[in-house]
Amino acid sequence: MPNAALAVEVAPDRVAAARWSRTGSLEGYAVESLPVGALAPSAVEANIMNAAAVKAAVTEVCNRVHSRDEDVAMILPDTVIRVFVQHFEDFPRSAAEAVPMLRWKLKKSVPFEADETLISYMRQAPRETGIDVVTALARLRIIREYESLAEGIGLRPGVVLSSSLAAISLVEDEKPTLLARVSGSTLTTAIVRRGVLCGYRCTELPAHGVNLKPQMLLEEIFPVAAYYQDTWQEAIQSVRVAGLTRASLSLSGRSRTNSIATCGRCYTPQSLMDASKKMPVRWRNATWKV
């Protein structure tokens, strides 16, 4: 897997780039806004609606971080890449056997044909016996839209992954931690525990920005939290939220380190679960570093 010093994130409202030094420190970053509607993230349909605007933004941020003929990590909207966490009692050791099996097993879970699917997977420790596998899938022609942006300015897209999978590495996960990440009207919920991705869900919210209500978050977060508690037989001990605008984010007097804080209210892990009870219940074939 390439160890790129340059990363470019393409989001619905902006393009960002960052460069790291050989010692791992941040050398520089740049952000450019996109016009409304220039990018429409989708796992199925064309994503780039205004090619000139998106290409200009990518070129500008890469110039500002002094990009050259090099590898780049492309970070894409979560909507583009489908992620699954599955349990197997037995799992092939060779990719030649594992990829066809995963492709067949997940063919009804993705809205495109198997021969159009890029797939990558990672083994991880299960709760008890067997093997847990994290699988990421995307439509080839959608990924090519983003790769072409980098290739058009002389970069080589060696790693492609979704933005929330990239963000998970920032989470302190010694205790079971739920990450809720909002990007526009997309909410991605992930639960991590000591390096293991225990749950993942990406959904569309009915509103975003100042129109986002706490109950909207709770309704979408609850299924992942409930699944984790039922499967792992332990409570979520920490909650982190990312991506809310300042207009919709307000912290109460409670601890900032162990709460969901949004829209003027603060939710600890326990209050999140209490409130939930009231509701009705690439390198080609190695594209993602999960």
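**Pockets, salt bridges and a surface patch in a predicted model**

The largest pocket here holds about 1200 Å³ of space, and of the 46 residues that line this pocket, I75, L161, S163, A166 and A167 are the closest to its centre. I should say at once that what we are looking at is a predicted model. Sorted by class, the lining of the largest pocket consists of 30 nonpolar, 10 polar and six charged residues.

Let me step back to the chain as a whole. The protein chain has 290 residues, of which 49% count as buried, and its secondary structure comprises six helices and 14 strands. The accessible surface of the protein chain comes to about 14500 Å², with carbon and sulfur atoms supplying 51% of that area.

Now to the second largest pocket, which has about 260 Å³ of space. Its lining is made up of 22 residues, and those that lie nearest the centre are A11, P12, D13, P41 and S183. Two strands that each supply at least two residues of this lining are strand 1, residues 6-11, and strand 9, residues 177-183; the largest share, three residues, comes from strand 1. By class, the lining of the second largest pocket divides into 11 nonpolar, five polar and six charged residues.

Strands 1 and 9 come up again when we turn to the salt bridges, of which the model has 13. One of them joins the side chains of E9 and R181, with an N to O distance of 3.7 Å. Because E9 sits in strand 1 and R181 in strand 9, this pair ties together parts of the chain that are 172 residues apart in sequence. Are these two partners buried or exposed? With the cut-off for buried set at under 20% relative accessible area, E9 counts as buried at 18%, and R181, at 14%, is buried as well. The pair also belongs to a network of salt bridges that links E9, D78 and R181.

A second salt bridge connects R156 with D71, where the closest N and O atoms are 3.1 Å apart. Here R156 belongs to strand 8, residues 156-162, and D71 to strand 4, residues 71-76, so this pair ties together parts that are 85 residues apart in sequence. R156 has a relative accessibility of 35% and therefore counts as partly exposed.

A third example is the salt bridge between R144 and E151, whose closest N and O atoms lie 3.0 Å apart. R144 is partly exposed, with a relative accessible area of 28%, and E151 is partly exposed too, at 38%.

There is one further contact across the sequence that I would like to show. F88 is placed in strand 5, which covers residues 82-88, and with a relative accessible area of 8% this residue is buried. F88 and T129 are 41 residues apart in sequence, while their C-alpha atoms are 8.9 Å apart in space.

Finally, the surface. Which residues form the nonpolar patch? They are W20, L26, Y29 and V31, which together have about 420 Å² of accessible area. Strand 3, residues 26-33, provides the largest share of this patch, namely three residues. Y29 is found in strand 3, and since its relative accessibility is 60%, Y29 counts as exposed, in contrast to F88, which is buried at 8%.

Technical notes:
Residues are numbered from 1 along each chain as its sequence is written. This is a predicted model: local features need pLDDT of at least 70, side-chain atom pairs count only at pLDDT 80 or more; totals for chains, interfaces and linings use all residues. Side-chain values use heavy atoms; hydrogens and water are left out. Patches are made of residues with over 30% relative accessible area and no salt bridge: like charges are joined within 9 Å, nonpolar side chains (Val, Leu, Ile, Met, Phe, Trp, Tyr) within 5 Å. Accessible areas come from the Shrake-Rupley method with a 1.4 Å probe; for residues, only the protein chains shown count as cover. A salt bridge is a side-chain nitrogen of Lys or Arg within 4 Å of a carboxyl oxygen of Asp or Glu. Helices (H or I, at least four residues) and strands (E, at least two) are DSSP runs, numbered from the N terminus. Buried means under 20% relative accessible area, exposed over 50%, partly exposed in between (1.4 Å probe, protein chains only). On a 1 Å grid over the protein atoms alone, a cavity is a set of points where a 1.4 Å probe fits but cannot get out, and a pocket is an open set with protein on both sides within 12 Å along at least five of seven lines; lining residues have an atom within 4 Å of a point. Grid points are joined across faces, edges and corners, and a volume is the space filled by probe spheres set on the points. Ala, Val, Leu, Ile, Met, Phe, Trp, Tyr, Cys and Pro count as nonpolar, Asp, Glu, Lys and Arg as charged, and the others, Gly among them, as polar.
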